[in-house]
Amino acid sequence: MRVGQAEMRDGRRAAQRHRGDRRQAGRQFDDIVGPREAALAEVVATSAGSLVGLGMVTFGDPGQTTAQLERLAGTPGIAGVAIPPLLRSESLDRGPLHHVLAEAARLDLAVLVHPMQLPRPEWPDYYLVNLIGNPVETATAVASALLGGVLEELPRLRLCFVHAGGCSAGLLGRWTHAWHARADVRSGSARPPAESFEKLWFDTVAHDPHLLTLLRGHAGADRIVCGSDYPFDMAEADPVRFAVTHGVTEVELVAAAREFLGLASL
């Protein structure tokens with residue numbers, strides 16, 4: 001009995017330390033992000049309406065995350081939040097990332113998903129952590145949103161994936177086949193992946209006109225926004241020219257961006 005009580009006390013202490021660590025991490029992150037978001041809001045405010053901003057949040061404590069999102073929603077010129085596609089072993093269909101999506105939908109905030117270039121031992125050379133890793137991270141998040149029924153649960157959610165959705169457009173047929181063929185694949189969603197894919201947004205940073213054409217065919221021109229990846233080495237040199245040369249008009253790009261950012265009625 002005494003051993004059991006000691007184990008219970010140790011468990012409570014560990015849980016208290018964990019909660020304290022999460023709160024401390026949130027406070028430390030606020031110290032960094034708070035000034036950044038203030039500076040971002042100032043830049044947006046002085047842009048004469050040509051810029052809108054996307055904020056950041058912490059993931060340790062759900063209450064802190066919600067408070068940070070509510071602060072973003074109340075900041076003029078901030079249209080949404082940027083998040084990673086993966087957080088440890090979880091993606092958009094569960095855990096802290098799903099909490100962000102649910103709260104963003106409630107607060108009418110757009111959500112942009114950008115990969116983190118997570119290191120893996122099999123990708124040590126040739127920039128494969130970016131060239132393969134980033135598209136795979138993003139495709140994992142797209143799949144989790146589609147197969148996890150996220151858009152069915154959150155119909156007001158505005159969700160955009162950078163880098164043309166990674167390799168998701170090329171895998172959509174495989175996912176759809178599996179959804180019809182396997183009960184475990186369709187266990188989290190009532191709609192086939194291809195149907196929900198049309199409710200997402202994607203940017204144009206495909207580096208391949210054929211991929212952009214495929215993406216446009218799957219998602220529709222009204223779901224393609226112009227992306228640049230500036231100022232990184234994988235940036236598209238002339239993003240608008242690339243997009244309009246390969247089938248997406250400037251009018252469509254502007255309309256899609258305004259819809260995603262919640263500016264369509266302005």
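This section describes the sheet, one helix, the salt bridges, the unusual backbone geometry and a surface patch of a predicted model.

The strands of the model form an open sheet of six, arranged in the order β1-β2-β3-β4-β5-β6 and paired in parallel. The edges of this sheet are occupied by β1 and β6, each of which has a single partner strand, so one side of each is left without a neighbour in the sheet. Strands of a sheet pair through backbone hydrogen bonds, in either a parallel or an antiparallel sense.

The pairings around β2 illustrate this arrangement. Strand β1, which spans residues 53-55, runs parallel to β2 and is joined to it by three bridges. Within this pair, G53 lies opposite I78 of β2, and L54 lies opposite G80 of β2. Strand β2 also pairs with β3 in the parallel sense, here over four bridges, and V81 stands opposite V111 of β3. Strand β2 comprises residues 78-83, and because five of its six residues are buried, the strand is largely enclosed by the rest of the structure.

The connections between these strands pass through helices. Helix α2, residues 62-73, combines with β1 and β2 in a right-handed β-α-β unit. A right-handed β-α-β unit is likewise made by β2, helix α3 (residues 95-107) and β3.

Helix α11, residues 250-260, has L253, A256 and F260 as its buried residues. When the helix is viewed down its axis, the buried residues of α11 fall within an arc of 70°, so they line one face of the helix. An α-helix has 3.6 residues a turn, so residues three or four places apart point the same way. On the other side of α11, E250 and V251 are exposed.

Eleven salt bridges were found in a search of the whole structure. Side chains of opposite charge can pair when their charged atoms come close. Two of the salt bridges involve D108. In one, the side chain of D108 meets that of R156, with an N to O distance of 4.0 Å. This contact links distant parts of the chain, since D108 lies in the loop between α3 and β3 and R156 in the loop between α6 (150-153) and β4, 48 residues apart. In the other, R158 meets D108 with an N to O distance of 2.6 Å. This pair also links distant parts of the chain, with R158 in strand β4 and D108 in the loop between α3 and β3, 50 residues apart.

The residues of these two contacts vary in their accessibility. D108 is partly exposed, with a relative accessible area of 42%. R156 has a relative accessible area of 51% and is exposed, whereas R158 is buried, with a value of 8%. A further salt bridge is formed by the side chains of R191 and E195, at 3.9 Å from N to O. E195 is partly exposed, its relative accessible area being 39%. In addition, E70, E103 and R106 are joined into one network by salt bridges that share partners.

Several backbone features depart from the common pattern. Most residues other than glycine have a negative phi, and most peptide bonds are trans. Q117, which is not a glycine, has a positive phi near 55°. Q117 is located in the loop between β3 (110-113) and α4 and is partly exposed, with a relative accessible area of 30%. H163, also a residue other than glycine, has a positive phi of about 55°. The loop between β4 (158-161) and α7 (168-181) contains H163, which is buried at a relative accessible area of 14%. The peptide bond from Y230 to P231 is cis, with omega near 10°. P231 is placed in the loop between β6 (224-225) and α10 (239-245).

On the surface, Y127, L131, I132 and V136 make a nonpolar patch of about 300 Å². L131 belongs to helix α4, residues 128-131. The relative accessibility of L131 is 42%, so this residue counts as partly exposed.

Conventions
Residues numbered from 1 in each chain as written. Predicted model: local features only at pLDDT ≥ 70, side-chain atom pairs only at ≥ 80, totals over all residues. Heavy atoms only, no water. Patch = residues over 30% accessible without salt bridge, like charges linked within 9 Å, V, L, I, M, F, W, Y side chains within 5 Å. Areas by Shrake-Rupley, 256 points an atom, 1.4 Å probe, with all protein chains shown as cover. Helix = DSSP H or I, 4+ residues; strand = E, 2+ residues; numbered from the N terminus. Buried < 20%, exposed > 50% of the residue type's maximum accessible area, 1.4 Å probe, protein only. Pairing = 2+ DSSP bridges. Right-handed = clockwise from strand over helix to strand, strands pointing away. Arc of directions from axis to C-beta.
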